[in-house]
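Biologist: Could you take me through one part of this model in close detail, the place where the two chains meet? I'd like to know what each side brings to it.

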Number of protein chains: 2
Amino acid sequence: MISNIEGHGHHISKQFNLELEEIKNNMLEMGGVIERQIADAMKSLLEGDTGLAAQVLTVEDRIDSMEVNIDEECSLILARRHPAASDLRLVLAIIKTVRDLERVGDESAKIARMAIKLSEEGEFSQGLVEFRHLADSVTRMVSGSLDAFARYDAEAALEVVRDDVAVDKVYASVMRSLITYMMEDPRSISRVLNMLWALRALERIGDHAKNVAEHVIYLVKGMDVRHEKLADVEEQLED
Amino acid sequence: MISNIEGHGHHISKQFNLELEEIKNNMLEMGGVIERQIADAMKSLLEGDTGLAAQVLTVEDRIDSMEVNIDEECSLILARRHPAASDLRLVLAIIKTVRDLERVGDESAKIARMAIKLSEEGEFSQGLVEFRHLADSVTRMVSGSLDAFARYDAEAALEVVRDDVAVDKVYASVMRSLITYMMEDPRSISRVLNMLWALRALERIGDHAKNVAEHVIYLVKGMDVRHEKLADVEEQLED
């Protein structure tokens with residue numbers, strides 16, 4: 001579906017239009033780096049690859065400077081171009097989205113740090129299957145939210161919001177089973193806790209993907225749906 | 001100290017000036033509600049007051065609608081008034097700050113939920129002293145960051161950034177001692193975990209207070225210090 005705000009091409013000022021496109025592209029490029037970080041962080045944990053984990057940690061600085069630069073570009077375009085209506089929503093949605101993306105980067109770094117700790121503590125399989133399962137889900141959510149942004153697709157964004165409900169349920173159930181395991185085998189406490197932190201980081205990544213999806217819905221539909229119930233949002237989108 | 005951007009009073013449009021002031025006041029009012037939420041959540045945990053914890057959870061919705069309303073006011077002022085320079089920074093800082101405040105509200109609600117769980121699990125003293133200590137520190141950080149915003153005081157904001165370093169250290173040390181305790185007394189695992197989550201929520205509140213302080217420094221000095229080292233920020237503020 002192509003959205004109802006594809007009209008970014010109709011500006012009197014061609015230059016303004018190019019500037020908006022460029023900021024959006026920079027944000028999507030940052031999104032690409034983040035997707036790679038998530039994938040590498042997850043792989044480093046699942047395969048005990050500490051070299052890859054260390055690499056994830058070095059890329060963090062690059063993401064931070066991407067966030068600051070895009071934020072600065074957004075401030076400049078607000079100051080110089082006075083965007084209105086959907087252009088203004090686009091700039092505000094980008095400002096909010098880069099902040100969520102930066103947080104996803106932080107959570108990926110946490111996973112990489114847990115990968116290093118888990119690897120130092122030796123063989124450990126508890127929770128790995130569930131980690132892989134959740135990791136696949138939140139990876140899809142992040143990609144889905146960025147694709148929805150690129151295509152101004154509110155329906156696809158809503159799909160991501162829906163996915164977050166499922167991810168939260170899986171997360172809660174894995175947490176319960178790992179806590180039970182820890183009680184049955186107290187020697188595992190330290191390792192299980194590291195796995196818990198890694199799972200929590202996954203759940204947080206899912207939350208941020210959901211936030212990005214909500215920014216897309218705001219951008220396309222002009223509705224702030226952040227604190228609404230899912231059923232209400234679905235109803236409003238149908239109108 | 002009064003900052004170098006007190007010039008918000010010099011607008012040609014008196015109405016515009018009033019609008020900016022009103023948004024700022026709404027944000028500070030939201031900050032006041034949040035400070036109350038933190039205090040109540042902490043008290044509910046320390047005193048096992050589940051009634052107070054339940055009250056914290058009911059106030060959450062009110063905070064969510066405050067965030068959405070202030071965000072909307074900021075969008076409107078951007079669209080209608082085309083603020084520039086320090087006015088634009090003020091609006092952007094408010095947009096970012098209300099998001100952090102809303103998250104502080106979320107973390108307070110988490111503490112209230114842990115208060116209810118801990119109370120259900122019966123007598124428990126492990127970690128309470130440290131919880132109180134950390135709670136005092138992050139409460140001061142939140143108040144300090146809001147005061148710094150109200151007075152456009154970059155020095156006071158920097159103080160909050162410094163405090164976060166200390167809070168993170170205390171947090172890491174409490175976590176280690178609670179994990180050791182859990183290993184020595186596996187029957188305590190479930191209760192200690194609830195205390196861990198509550199402590200983690202405190203640490204996150206400290207992070208958000210630090211974010212607000214960084215928005216104040218950006219607002220007053222026009223510098224984005226989010227990913228800079230503390231020593232570098234101090235040096236730049238002296239210039």
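Modeller: Sure, let's start with who touches whom: 36 residues from chain A and 36 residues from chain B make up the contact, counting heavy atoms within 4.5 Å. Keep in mind that this is a predicted model, where local features need pLDDT of at least 70, side-chain atom pairs count only at pLDDT 80 or more, and totals for chains, interfaces and linings use all residues. Residues are numbered from 1 along each chain as its sequence is written, chains are lettered from A in the order in which they are written, and side-chain values use heavy atoms, with hydrogens and water left out.

Together the chains bury about 3,300 Å², 61% of it on carbon and sulfur atoms; that is the accessible area (1.4 Å probe) lost on being put together, summed over both. On the chain A side, A:Arg99, A:Trp197 and A:His227 lose the most area to chain B, together 19% of what that side buries.

There's charge here too: eight salt bridges cross the interface, each a side-chain nitrogen of Lys or Arg within 4 Å of a carboxyl oxygen of Asp or Glu. One of them joins A:Glu67 to B:Arg226, at 3.0 Å from N to O.

Finally, how do the copies relate? A turn of 180° and a shift of 0.0 Å along the axis lay chain A on chain B with an RMSD of 0.0 Å, superposing by least squares on C-alpha atoms of residues with pLDDT of at least 70 in both. The two copies are therefore related as by a two-fold rotation axis. Both use the same surface, with 100% of chain A's contact residues recurring in chain B.

Note on methods:
Buried area = accessible area lost by both parts, 1.4 Å probe.
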